[in-house]
Amino acid sequence: MTTISDPPKQQFRLSMLLYDTRYRSATIQVLAMFFFMLLAAWLISNTVQNLANLGKPISFGFFSDPSSYDINQRLLEYTSRDSHLRAALIGLLNTLVVAVLGCITATVIGVLVGVLRLSNNWLVARIMTFYVEMFRNIPVLLWIVFAMAILIESLPSPRDFRGDTPSATMDLFDTVAVTNRGVYIPEPLFSRSLGDVHLLGDSSLRFDVSLDLIAILVVLGCSIYAMRKVSARANRIQEQTGERPTIWYIELGILCVPMLILLVILGFHLGYPALKGFNFSGGIHLRNSLIALWLALSLYTAAFIAEIVRGGILAVSKGQSEAAAALGLRPGKIMRLVILPQALRMIIPPMISNYLNLTKNSSLAIAVGYMDITGTLGGITMNQTGRELECVLLLMLVYLTISLCISGVMNWYNKRVKLVER
Amino acid sequence: MSDTHAETVTFVRDTMLPEKEPPLSTVGAIGWVRDNLFSGVLNSILTILSLGFIYYVLSGILPWVFQSVWNADSLTECREIMVATWGDTHGHACWGVIKDRWLQLFYGFYPPYPAHPDANFGSAPDGHWWPAYFRPNLALILLIGAMIPVLFSGAPRKLLYLTAAYPFILPWLLWGGSVWVPLMVAAGFAIGYFAYVLVDRSMSSLMATIAAVLLAILWWVFAVGPVSGALHSILNIGIAPVQSREFGGYMLAIILGVVAIGCSLPLGILMALGRQSDLFIVKTLCVGFIEFIRGVPLITLLFVASLLLNYFLPPGTNFDLILRVMIMMTLFAAAYMAEVIRGGLAALPKGQYEGADSLGLNYWQAQRLIIMPQALKISIPGIVNTFIGIFKDTTLVSIIGLFDVIGLASAIRADTAWNGIYWELFAFIGALFFVVCFSMSRYSMYLERKLRTGHR
């Protein structure tokens, strides 16, 4: 901005609000604020008037009414007699489930494809390029409905598993059943279970916490703590004597033995899905809608992540890998110790923004009938109660909160990496 | 001279040997294959696995694509033909559905003869020999013409007039109606321009800008309706109007994409500048808007367009859904565009801003002549990616009940004749989007190469 070294001595005149750079910015800001307030006031007064005309003032009372619709894929226990609030909570959890699952698989596939795109093997690199271009240039909604169609149309129905000579068989040593009604996988069961703790009594937000899970987590935590102690001791010895004691079998023992003992005490076994009547029962039932959404979102996002990974690796200057090779490191170690740590700084921020995109794209669940927060709060609840304003605003608020949390993580990471930089 | 030396060196070559060809196994096709496909054990295994994979995929897809039925009016007929020809119904595409419904997939329910509501595509009313599909087609051709001078610097500059006129031609061609409305809207810009020129002579340029904007807005709000109505009653020139609810198909995706892309770039630039500015309130407003839009999924904004916008506007306003969707998609695209351009602005060295200041340029001059050309150049890949993203996201309108290609695919499947047809429709729709998005990304690569003016 321009600065005037010798301020003019004349009196303040009204035209200086426009022509004097010292005042002009204030004028512009006041005007901007004024117009913004005017716009906001206009919108709000319109809304109030419209709502009054329709006779439905803003209220969130409908949340305690019974929802009277069913949600087939859920983490917490829920019936159609539960409230709309509980339905929204189930939906939110479903959104998070598909987002987390999708992020994990998208990262795995994306990193693999990104590295393979740089492969020396011409054919492999071309196949990966083809994959990336296919998924990046076709709308994700099309991939989602396509995945759903594949699951419904091309998989065997549970009926095909019956009879003496069934036309379909279960996979992975008869533990997983892939049918056109969904995938049935084994579930962990405890014959001497510690039971559950019911939290928050009878409210809409009630949930059960499995004591078995807590026990497992506690034991796991203790094991990891002990492992770090052992590893710290090994480091100390290495620093003093220059020789590192072999500790991997101690660490393995610390990790596995207590866990195995605990699992035996709890009577851990797997419950396998089995054909009963016209359908499978037992095991965990992953619905088609979840699988289709998960598959399509992770393959789609993986294409973007692959490009990011490739770009990040290419951005590390060639001298780095040459220097590492000159030190005598093997290609695998060059990648792990020299290239990746530097590339990660470049890769992680856009990667997180892709996680954010995946989470937002999971709202397309509504196209395949997966009951995420858009399907419950922004779908059936909204249609049943006719409270569009409240539902859509809340829906936006929920997504905004998730997004801001994720960008908070990203900013924190960016700050941390910046400190490492010179 | 020692004798030993003379004895040991018995032969000294004093001419060059002729150069030999490199071994056959390291050059040409064989060398290339050895280098790129079979350079090691692992590489060879990967190559063989990939070949197997490619064979597996192609052996499934190619027969499906090419051993297919084109001439059929329903899926049952398709299957009968397949059984008669190949003996089974699996592994053969039924492209009959595309042949039967391609008009619908491209144009949705756009009326072929809008002046005659009862006429359908098969039966042309008297005096009409071509259907109104020429209107979207012409709009597309003009669009390409209008884009050429923007996209390629070698194109004739005169085409820029078409570019300037295009925003008025597009709605008129698609929605139809009196020719006077777009002309009068365009006249608003002319009025603004003349007001600017006149006031600029007598007063400052700031006053001229304010006067121009005010006059143009007054003209659009109060004069366009009556004046064009009067002109229409004097001289009735126009084409038959088409309702927006009849828009659909791939045409809808292109319209929404073009409008959102065209409007979001200037809006995005403004918001990026606002976000970078020193003015606290302007900056806060821009940041709040951008982060809000980027934090919510597009589908919730489309819900706002289809359900809530009527609450926010004065009672009784009811303007059409496509327009509302266009507004929301533009805002959505603009927020992403603003972030991309902000990245470009941030990547410019500070010396560029200081250099512009030291030349005595004011803010807008500096932006126009120094900052923006460089910032936009840096952000081209990001801008094109946003374009591609927006174009793909236009498919989401099928969720709020508009009949874009994906919505039409379900509608076609709901028809008894084509009940149960999936893959042909998906393949067709995917190909439509792939062609456009892929060309966009290739164009951005071309532009990047062309604008790389050194530094490397």
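# A walk through chains A and B

Start with chain A: select helices H5(A) and H8(A), where Val140(A), Trp143(A), Ile144(A), Ala147(A), Met148(A), Leu151(A) and Ile152(A) of H5(A) meet Asn288(A), Ser289(A), Ile291(A), Ala292(A), Leu293(A), Ala296(A), Leu297(A) and Tyr300(A) of H8(A). Contact here means heavy atoms within 4.5 Å. Helices (H or I, at least four residues) and strands (E, at least two) are DSSP runs, numbered from the N terminus.

Before moving on, some housekeeping: this is a predicted model, in which local features need pLDDT of at least 70 and side-chain atom pairs count only at pLDDT 80 or more, while totals for chains, interfaces and linings use all residues. Residues are numbered from 1 along each chain as its sequence is written, chains are lettered from A and ligands numbered from 1 in the order in which they are written, and side-chain values use heavy atoms, with hydrogens and water left out.

**Still on H5(A) and H8(A)**

Colour that contact by class and you get 13 nonpolar, two polar and no charged residues. (Ala, Val, Leu, Ile, Met, Phe, Trp, Tyr, Cys and Pro count as nonpolar, Asp, Glu, Lys and Arg as charged, and the others, Gly among them, as polar.) H5(A) packs against H8(A), residues 288-315, at about 135 degrees, with the axes 8 Å apart. That angle makes H5(A) oblique to H8(A). For the angle classes, under 35 degrees is roughly parallel, over 145 roughly antiparallel, 65 to 115 roughly perpendicular, and the rest oblique. The axes are lines fitted to C-alpha atoms, for helices over the stretch in contact, and angles run from 0 to 180 degrees between N-to-C directions. The crossing is right-handed, a term used if the near helix is turned clockwise from the far one by less than a right angle (left-handed if anticlockwise).

**Next: H9(A) and H10(A)**

Now select residues 318-326 and 331-361 of chain A, which are H9(A) and H10(A); they pack at about 155 degrees, with axes 10 Å apart. That makes H9(A) roughly antiparallel to H10(A). Show side chains for Gln320(A), Ser321(A), Ala324(A) and Ala325(A) on H9(A), and for Ile334(A), Val338(A), Ile339(A) and Gln342(A) on H10(A): these make the contact. By class, that contact has five nonpolar, three polar and no charged residues.

**Three single residues in chain A**

Click on Val183(A) in strand E2, residues 182-185. Val183(A) is buried, at 13% relative accessible area; buried means under 20%, exposed over 50%, and partly exposed in between (1.4 Å probe, protein chains only). Leaving aside neighbours within four places in sequence, Val183(A) is in contact with residues including Ile284(A), His285(A), Leu286(A) and Ile291(A). You already met Ile291(A) on the H8(A) side of the opening contact.

Then try Ser210(A), in strand E5 (residues 207-210). Is Ser210(A) buried, exposed or partly exposed? Ser210(A) is partly exposed, with a relative accessible area of 24%. Beyond its neighbours within four places, Ser210(A) touches Gly195(A) and Asp196(A).

Last of the three, find Ser68(A) in the loop between H2 (21-54) and H3 (84-117) of chain A. Check the backbone there: phi of Ser68(A) is near 50 degrees, a positive value in a residue other than glycine.

**Crossing to chain B**

Glu133(A) in helix H4(A), residues 122-136, takes you over. At 7% relative accessibility, Glu133(A) counts as buried. Not counting residues up to four places away in sequence, Glu133(A) touches Phe434(B), Phe438(B) and Arg442(B).

Now select H17(B), residues 405-414, which is mostly covered: seven of its ten residues are buried. Among them are Val405(B), Ile406(B), Gly407(B) and Arg413(B). The cover includes H5 (140-154) of chain A, the helix you started on, along with H5 (96-107), H10 (249-276) and H18 (423-451) of chain B.

**Last stops: a helix pair and the core**

Select H12(B), residues 298-312, and H13(B), residues 321-347: about 140 degrees, axes 9 Å apart. That makes H12(B) oblique to H13(B). Their contact divides into eleven nonpolar, two polar and one charged residue.

One H13(B) residue in that contact is Val325(B). Val325(B) and Phe247(B) have the most contacts inside the largest nonpolar core, which has 174 residues. Such a core is a set of buried Ala, Val, Leu, Ile, Met, Phe, Trp, Tyr and Cys residues joined through side-chain atoms within 4.5 Å. Around Phe247(B), look for Tyr110(B), Leu174(B), Trp175(B) and Phe403(B), among others it touches. A second, separate core of eight residues includes Tyr69(A), Ala87(A), Ile90(A) and Met371(A).
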